[in-house]
Amino acid sequence: MSEQYNSREERKRLQTQKKTKTKSKKKDPKNSAPLWKKILLILLAIGIVGMVAGGITFAVIVSGAPSLDEQKLKDSFSSKIYDVNGDEITEFGQVKRTYVPYEDIPKALEEAVLATEDARFYEHHGVDIIRLGGALVANIQEGFGAEGGSTITQQVIKNSLLTTDKTISRKVQEVWLAFQLEQKYSKQEILEMYLNKIYFPGNIYGVAKAADSFYGKDLSKLELHEAAMIAGMPQSPNNYNPRTNPESAEKRRNIVLSLMAKHGFISEAEANEAKKVPIQSTLVKPTEKANPYHAFVGEVIQEIKEKTDIDAGSAGLQIYTTLDPKAQETVDDVLNGDVISFPDDELQAGISLIDTKTGEIRAIGGGRNQPVGGYNYATDTRRQPGSTIKPVLDYGPVIEHEKWSTYKQIVDEPYTYSDGTPINNWDRSYMGQMSIRQALAQSRNIPALKALQEVGLEKAQAFAQGLGIPLDEIYEPYAVGGFTSGVSPMQMAGAFSAFGNNGIFIEPHTVKKIILSDGTEINLTPEPKAAMSDYTAFMITDMMKSVVQYGTGASVNIPGINIAGKTGTTNFDAKQKAAYNVPSGAAKDAWFVGYNPTYTAAVWTGYNISKESEKVYLNSSDQKLARAIFKKIFSEIAADDDSDFEQPDSVVKKAVEMGSSDAVLAGNNTPSNRIAYEYFVKGSEPSKVSKKYDKPAKPAKPAKLSVNYDQASNSVSVNWNYDEGALGSVSFEVSQSVDGGQYQVVSNSKNRSYQIADVTPGATYSFQVVAVSDEDSGNRSNAAATKIQIPGAVEEEPEIEEPEIEEPEIEESEIEEPEIPDIPGLEGNEDNDDTKNEQQNNDQGNGDSTGNGNNNGNNNGNNNGNNNGNNNGNNNGNNNGNNNGNSGDGATTPTSPPAETSTPPQNSSGKEEDIQPNGDNGEGE
């Protein structure tokens, strides 16, 4: 519908407004266009700047790259090795090399190398972008240097012209020079350079020399499986050495064969057929005799390769090592049988000797009668460690985490693993409660398992890994060394050295530094790591000193040298015993690992086990060799070393009483043979003092002992005094003797008196009173003693009236103690003079010693006298004379027992001792 306007002017005005609005709407997109242009321009500018900056950076980096030196590319430069003193010991690198031109390299070997190292070698121009991309992704995900993307061309550049630093600048230079190398040399020339420079085990360089060394044949005669093995070794020469690590080598060879099939060089059938060939079936034995340092040099080359990826045999290095020539000579003399007698030539030994404080390897004993490139029993062997693992896996972790003391009590008893499987000690016996020090010294298995269970498998595994022991898994049988894969002497030496180094672990190493051909110096010393607390290191060390002092390692003890160490043996399983006819008591492996503050050594002895072996076991005599080897080496290298391990501030030493379940301090009265000096983590030491051997105060001796005779009742009463305050804690034991007879206990009560009725006239009654502790009947006072003679009966004569004789009362107070000679062991109330007076009175009545009464009768000279003499003489003489005289010498009064004894004296037969008259055991003695 058309619009209606009132006038022409209105229509014109309205049309003008519409045009204006239309122009305004079209203006917005025009205004936004310059913004996008600006963004694009900015991005373009940044890109240009980045390219310029990158180009400048690239130019700067590559400007520092070395030129392509043909001599360095094709020739190799020998490296020199220096010992710990800085003296040159050997030069290696050019000797064992046979240069071979490309035309003489068999196709199978070339294809094996290409399939393994650089499958697109003939397609790229020095750098494989596809391979480099894969490596770049891995480096972004796992960190720079995680994976290499180097082609064969790049490896030639790296090994010949550049350092092995994993830096961006070095990688840029490598790429730049690889492009240049491809422009200057043909692919065949580059491959020829590579194949003649690569390193093989045994200080061998180049594929031609490798073929001759390992298979005893020319390159052209190599079989497919042999070519694959040679192609696979250079990636990790020692690990893939078919002589020393056949299992790993076979896996590597089969990977190479699979890669050849994958890339179309061979068929799957050919690969499978080659894989069936036993890895060692065509190997030849090394023919070159060992040089004095061949085992050590082999480790040097491997260590440099692993840490820097430098081929030490062709890089012209100056290598400064940790080798001690004198120590190495000592080790070699032992292995050669010059100072130790071996049962046969087949028994092998591996020895690792390192510096306790630095981890520097001083000497390596790779084995007996070993050729260059042969098996290294110090570093390559993997055998079960037996009981040598107990400080590492059991007691070390539990002290570290649970702060057990060296006295910690543990029970050696019938026991099982957590799954119910029984565990036995080596001697099939049990020793009951003991300290962990004693358990380690005597190498008890059950306490070791209990320690592992206490700390837990996870913590124990981490502790061992921190000491360089490779434990990817752990089970309870590991507590006593029942490992699945085993350990090497070098690994055990490294672990034990940390105990002697205050808990600091430094990886054992042969190389301190290397100097490249351009003067660049690279430090290869490992960084120290705290593997445990210093208290754990010291306490484990002190426990292992006990092993050497009086435990299973006592034969290693060297006077004047402070050695800590541990023995270890392993057993054959039932299947092996049957297969190899192993006798009872034989062992598979025997170890000793020990150290002092300066050196640490690990010694393994055993046989290679195979169907061809005539003997595979160690008899009881063979099992002593590891200890004998260690002792001989330490006697030489540590002869004047009396250094000892220093106790850290975190440890306290305490005298504890042996036998207590929980540690208690020894008391003042603890016998010296019941005191042990043990170590505790500070803050966990005991404070309770033992009272087991404390003697309570001796009860006081009864005082003022008196004895009274009552003629009217014909009874005797004994009375004494005692401290009122102590009456509640003692009882009184009264012993009685009649006429010198044996003492008999007649009373035991709280009373302070004793009465006896119907006493025998003329008899002598002796009494002894002892205060006895109510808490401990063995705690008795010294004896208080007294005696009394009962008057004899008086017969009345009808003709003569006898006057009444009033019998005197005998009291203790009448006894004059000073009159009695002081004799040790006697405290009595008897008085010799009183006894003599009584005796004289009797003698006068008795007359002569036979009791006749004639003397007195004659003296009187009348009937009265005769009557008296006869009556009294016969009466008293017959009575007293016969009575007392029968005992021997006259009428001496019997004595009481020595007053310091708490029980009646006894003779040598254990019976109560008779009191002898006048002399032998007389009164006052």
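Q: How much surface does the chain expose, and what share do carbon and sulfur atoms supply?
A: In this predicted model, the chain exposes about 45400 Å². Carbon and sulfur atoms supply 47% of that area.

Q: What percentage of the residues count as buried?
A: A residue is called buried when its relative accessible area is under 20%. By that cut-off, 49% of the 925 residues of the chain are buried.

Q: How many helices and strands should I look for?
A: Look for 24 helices and 27 strands in the chain. Contacts also tell you how the chain folds back on itself: among those with a separation of 6 or more, 68% join residues that lie 24 or more positions apart.

Q: How do I read a helix, and which residues make the nonpolar surface patch?
A: Start with the general idea: an α-helix has 3.6 residues a turn, so residues three or four places apart point the same way. Now find helix α1, residues 8-63, which holds Ile42. Together with Ile39, Leu43 and Ile46, Ile42 makes a nonpolar surface patch of about 380 Å².

Q: Is helix α7 mostly covered or mostly open?
A: Helix α7, residues 187-195, is mostly covered, with 7 of its 9 residues buried. The buried ones are Lys187, Ile190, Leu191, Glu192, Met193, Tyr194 and Leu195. Notice that charged residue names such as Lys187 and Glu192 appear in that buried list too.

Q: Now strands, please. How many bridges join β21 to β22?
A: First, the general idea: in a regular strand the side chains alternate between the two faces of the sheet. Here, β21 (residues 703-710) and β22 (residues 715-721) run antiparallel and are joined by 6 bridges. To follow the pairing by eye, find Asn708, which stands opposite Ser717 in β22.

Q: What lies between those two strands?
A: β21 and β22 form a hairpin, with 4 residues between them. In that turn, Asn714 has a positive phi of about 50°.

Q: Where else can I see a positive phi in a residue that is not a glycine?
A: Try Asn581, which is not a glycine yet has a positive phi of about 55°. Asn581 sits in the loop between α20 (574-580) and β17 (589-595), and its relative accessible area of 65% makes it exposed. Asp739 is another case, with a positive phi of about 50°. You will find Asp739 in the loop between β23 (730-738) and β24 (744-749).

Q: Why does Asp739 count as partly exposed?
A: Because its relative accessibility is 35%, and partly exposed covers the range between the buried cut-off of 20% and the exposed cut-off of 50%.

Conventions:
Residues numbered from 1 in each chain as written. Predicted model: local features only at pLDDT ≥ 70, side-chain atom pairs only at ≥ 80, totals over all residues. Heavy atoms only, no water. Patch = residues over 30% accessible without salt bridge, like charges linked within 9 Å, V, L, I, M, F, W, Y side chains within 5 Å. Areas by Shrake-Rupley, 256 points an atom, 1.4 Å probe, with all protein chains shown as cover. Salt bridge = Lys/Arg side-chain N within 4 Å of Asp/Glu carboxyl O. Pairing = 2+ DSSP bridges. Buried < 20%, exposed > 50% of the residue type's maximum accessible area, 1.4 Å probe, protein only. Contact = heavy atoms within 4.5 Å.
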